[in-house]
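Here are a few friendly notes to read alongside the model. Please keep the viewer open as you go.

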Amino acid sequence: MDKQLLRHRRISELVEQDNEMAQVLFYFGIRFYEYAEHTLEQVCKLRGLKVDQLVRELESPRSNFQDEDIPLFSYPIDLIIEYLKHAHFLFVKHQLPYIGKLVENFKAEHPAYLSVEKDLKTLYPLFLEDFIHHIYEEEDTLFKYIKMLERASIGKYNPSRLYQQMEKFSLQNCSIEHESHDDEMAGIRKITKDYHLTPDAPLHIKVIYTELVNFEKSLQMHAHIENQILFPKAMALENQVRILLAEKVKLN
């Protein structure tokens, strides 16, 4: 789109054209639903922003690569864990708070979405709390255990402490439990009828559904990396350490 045309378009038109533009605007302090009838240039003047910079951000691709393009299986296990922790950070500090603000400020003003508004405002905070608890617990238990195995594999371990931890923690059980809890968005999908939009759906709900769908795709990819890459590598590492520990016991 021509840059001159872009700066003179109303915010509601820009977001209607591409729902993901709402997130770019949000991180510049512009909530699309508060400035719907203003042009991009008018909002920039009101907010003290450089319109050319914002135009560049709106025109740039949202991401330079897709998760599935990264050859993670060939990566060392410590880099895979760091990759997953970075994804956790983006979920907790960026995507989820943004969706939370969208939900918090949503006013349906449409009969088809009054119950969606009410239910989302009730369920989303509960989902957020449970999700954050889950990923912090994962970092404090699963990731910590795998890092201990990694250190042990290069000889950095206390045999008795390592034995106790391996007796207490089961990667096999953790993997099974992890897969059973993968569908964390089931409740939200039920509320939104699988993100179904009526032809006259308000712009705000279109943006919310776009972000929920994008987040669910990110979660599915995240779960795939954990289930198909992290756990197989970690279990192989665990077996290697068990052999190492058994040999250590024999020598003593």
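The points below go from the whole chain to one helix pair.

1. A word on conventions: this is a predicted model, in which local features need pLDDT of at least 70 and side-chain atom pairs count only at pLDDT 80 or more, while totals for chains, interfaces and linings use all residues. Residues are numbered from 1 along each chain as its sequence is written, and side-chain values use heavy atoms, with hydrogens and water left out.

2. The protein chain has 11 helices and 0 strands (DSSP runs of H or I, at least four residues, and of E, at least two, numbered from the N terminus).

3. For its 252 residues, a compact globule would have a radius of gyration near 18 Å, whereas the protein chain has 23 Å (taken over C-alpha atoms; the rule is 2.2 Å times the number of residues to the power 0.38). Its C-alpha atoms fill a box of roughly 80 × 40 × 25 Å along the principal axes.

4. Of the 252 residues, 40% are buried (under 20% relative accessible area, with a 1.4 Å probe and protein chains only).

5. Now the pair: helix 4 (residues 40–47) packs against helix 5 (residues 51–59) at about 125°, with axes 9 Å apart (lines fitted to C-alpha atoms over the stretch in contact, angles running from 0 to 180 degrees between N-to-C directions). The two helices are therefore oblique to each other (not under 35, over 145 or 65 to 115 degrees).

6. Which residues in helix 4 meet helix 5? They are L40, E41 and C44, which meet V51, L54, V55 and L58 (contact means heavy atoms within 4.5 Å). By class, this contact has 6 nonpolar, no polar and 1 charged residues (Ala, Val, Leu, Ile, Met, Phe, Trp, Tyr, Cys and Pro are nonpolar, Asp, Glu, Lys and Arg charged, the others polar).

Key
Buried means under 20% relative accessible area, exposed over 50%, partly exposed in between (1.4 Å probe, protein chains only).
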